[in-house]
Amino acid sequence: MKSTETDRELHILVIEDEPTIAESLRVGLTYEGMRVTVTSEGRSGLQVCEEQEIDLVILDLMLPDIDGMVVCRRLRARSSTLPIIMLTARGEVQERVQGLQLGADDYIVKPFSFDELLARVYAVLRRTGVSRPSTVLRIAGLTLDTETREVTLNGRQLELTPTEFALLELFMRHPRRVFTRETLLSRVWGFTYVGDSNIVEVHMSNLREKIGDHERKLLRTIYGVGYCLRPEDETAVA
């Protein structure tokens, strides 16, 4: 059963048997400040829901023991309010309709970007009365509004590409947190990205140029590890 509290850490259950996707979801949702439990089988997922307080379930349709449709039906029989988002490689309308009829709140077809999934998670939680994080972020003279997609630096509007915006939002939501290159690829470019191996470095360079961070004093490189947003003036982090 879901609590009505909104100040505690949200608990997300991921039932997914593909290790790469499961780990990417665990890492990404954890970086969003959520508690994440991952299981690769339907039976263990049902057990977790019985024993722990879960706010939302991300459920794969193709599981090794119990079909995801069966898991969805059993979850819905136990709770009429538990939010459920189904994942599948199947894209047929019939599958989507069946999942929704069984009680799923939303349905995402693989492959998908983490940003898309996160937006759907927040939308489903919002419908159940749980607030999403602030839409306006402010750090060291930078202001980023996720609703209007506007970014300003000391009042001057910046023109960022969608990828640059996604990178900056990620860093501003998690100041001082170090993101590895692999995590950035998963979070910003998606689980299945295949392309230029230097794409992270290129976009980080472009983003630094646009926000005037030529000396890398805001978006810092942690050599051998990754990147983080860490202002010289720590009081600049709200």
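**Exercise 1. Place T146 in this predicted model and decide whether T146 is buried or exposed.**

Start with the secondary structure: T146 sits in the loop that links β7 (142-145) to β8 (150-153). Next, check the accessibility. T146 comes out at 14% relative accessibility. The cut-off for buried is under 20%, so T146 counts as buried. Finally, look for partners beyond four places in sequence: T146 is in contact with T135, F165, E169 and R173.

**Exercise 2. Find which residues touch the most other members of the largest nonpolar core, and where the core comes from.**

First, the core itself: it has 30 residues, and L142 and F171 touch the most other members. Then trace the suppliers. At least two residues each come from β6 (136-139), β7, β8, α6 (162-173), α7 (181-189), α8 (199-210) and β12 (226-229). Of these, α6 gives the largest share, seven residues. Now zoom in on L142. Skip residues up to four places away in sequence, and L142 touches L137, V151, T152, L153, L158, L168, M172, I211 and L218. As background, nonpolar side chains tend to be buried together in soluble globular proteins.

**Exercise 3. Compare the span of helix α1 with the expected one, then list its buried residues.**

Count first: α1 covers residues 19-31, which makes 13 residues. From first C-alpha to last, α1 reaches 18 Å, close to the 18 Å expected at 1.5 Å a residue. For burial, pick out I21, A22, S24, L25, G28, L29 and Y31. Last step, look past the helix: G33 follows α1 and has a positive phi, near 90°.

Conventions:
Residues numbered from 1 in each chain as written. Predicted model: local features only at pLDDT ≥ 70, side-chain atom pairs only at ≥ 80, totals over all residues. Heavy atoms only, no water. Helix = DSSP H or I, 4+ residues; strand = E, 2+ residues; numbered from the N terminus. Buried < 20%, exposed > 50% of the residue type's maximum accessible area, 1.4 Å probe, protein only. Contact = heavy atoms within 4.5 Å. Expected span 1.5 Å × (residues − 1). Core = buried A, V, L, I, M, F, W, Y, C linked by side-chain atoms within 4.5 Å.
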